[in-house]
Amino acid sequence: MAAMKGKGTQKEARLERLKAEIATYIEDRPGCSAADIVAYLSNERKMRNHGLTARKIGYFIPRHMKNSIGFKLDATTGKRIYHAMG
């Protein structure tokens with residue numbers, strides 16, 4: 001079997017598309033939760049093959065987008081409410 005020579009460009013492209021889609025959604029609708037983001041991406045943007053869940057989005061945003069998206073905790077439900085920073 002030959003060694004793989006790729007540099008992960010498809011993985012990077014998916015990561016960048018996911019970042020762009022999340023940022024666009026949050027800028028258009030501040031005050032949304034991770035479940036709202038997943039519903040939009042899965043149903044409206046047809047990103048069903050990405051295996052997105054609210055839990056994955058909750059880990060993804062602080063890890064990859066902490067400089068552009070912030071969140072507050074909703075005291076009544078305990079959910080994170082996301083908003084664009086800046």
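Helix H1 is the biggest giver to the lining of the largest pocket in this predicted model, putting in four residues. That pocket holds about 210 Å³ of space. The elements that supply two or more residues to its lining are helix H1 (9–28) and helix H3 (54–64). If you want to click through the lining, go to Lys 11, Arg 14, Leu 15, Leu 18, His 50, Gly 51, Leu 52, Lys 56 and Phe 60. Sorted by class, you get four nonpolar, two polar and three charged residues.

**The overall picture**

Let's zoom out. The chain has three helices and two strands, and read along the sequence they come in the order α-α-α-β-β. Measured out along the principal axes, the C-alpha atoms fill a box of roughly 55 × 25 × 20 Å. There are 86 residues in the chain, and 27% of them are buried. The accessible surface adds up to about 6400 Å², with 52% of it belonging to carbon and sulfur atoms. Take the contacts between residues at least 6 apart in sequence: 47% of these join residues at least 24 apart.

**The nonpolar core**

In soluble globular proteins, nonpolar side chains tend to be buried together. Here the largest nonpolar core has 18 residues, and the ones touching the most other members are Ile 22, Ile 26, Ile 37, Leu 41, Ile 57 and Ile 61. H1, helix H2 (34–44) and H3 each give two or more residues to this core, and H2 has the largest share, with five.

Ile 37 is a good place to park your viewer. Setting aside neighbours within four places in sequence, Ile 37 is in contact with Ile 22, Tyr 25, Ile 26, Cys 32, Ile 57, Ile 61 and Tyr 82.

**What the helices bury**

On H2, the buried residues are Ala 34, Ile 37, Val 38, Tyr 40, Leu 41 and Ser 42. An α-helix has 3.6 residues a turn, so residues three or four places apart point the same way. What do the buried residues of H2 pack against? They pack against H1, H3 and strand E2 (80–84).

H3 has its own buried set: Ile 57, Gly 58, Phe 60 and Ile 61. These buried residues pack against H1, H2, strand E1 (69–73) and E2. Phe 60 turns up twice in this story, as a buried residue of H3 and as part of the lining of the largest pocket.

**A few residues up close**

Here are four residues side by side, with their relative accessible areas.

| Residue | Relative accessible area | Status |
|---|---|---|
| Ser 33 | 8% | buried |
| Ala 34 | 11% | buried |
| Glu 21 | 12% | buried |
| Lys 46 | 54% | exposed |

Start with Ser 33, which sits in the loop between H1 and H2. Ser 33 counts as buried because its relative accessibility is 8%, under the 20% cut-off. Leaving out neighbours within four places in sequence, Ser 33 is in contact with Lys 79, Arg 80 and Tyr 82.

Next along is Ala 34, in helix H2. With the same kind of neighbours left out (those within four places), Ala 34 is in contact with Ala 54, Ile 57, Gly 58, Arg 80 and Tyr 82. How many residues apart in sequence are Ala 34 and Arg 80? They are 46 residues apart, yet C-alpha to C-alpha the distance in space is 7.4 Å.

Glu 21 is a charged residue that lies in helix H1. Is Glu 21 buried or exposed? Glu 21 is buried, because its relative accessible area is 12%, under the 20% cut-off. Outside its neighbours within four places in sequence, Glu 21 is in contact with Tyr 40, Leu 41, Arg 45 and Met 47. Of these, Tyr 40 and Leu 41 are among the buried residues of H2.

Finally, look at Lys 46, in the loop between H2 and H3. Most residues other than glycine have a negative phi. Lys 46 goes the other way: its phi is positive, near 60 degrees, and it comes just after H2. Lys 46 is exposed, because its relative accessible area is 54%, over the 50% cut-off.

Definitions and conventions. Residues are numbered from 1 along each chain as its sequence is written. This is a predicted model: local features need pLDDT of at least 70, side-chain atom pairs count only at pLDDT 80 or more; totals for chains, interfaces and linings use all residues. Side-chain values use heavy atoms; hydrogens and water are left out. On a 1 Å grid over the protein atoms alone, a cavity is a set of points where a 1.4 Å probe fits but cannot get out, and a pocket is an open set with protein on both sides within 12 Å along at least five of seven lines; lining residues have an atom within 4 Å of a point. Grid points are joined across faces, edges and corners, and a volume is the space filled by probe spheres set on the points. A nonpolar core is a set of buried Ala, Val, Leu, Ile, Met, Phe, Trp, Tyr and Cys residues joined through side-chain atoms within 4.5 Å. Buried means under 20% relative accessible area, exposed over 50%, partly exposed in between (1.4 Å probe, protein chains only). Contact means heavy atoms within 4.5 Å. Accessible areas come from the Shrake-Rupley method with a 1.4 Å probe; for residues, only the protein chains shown count as cover.
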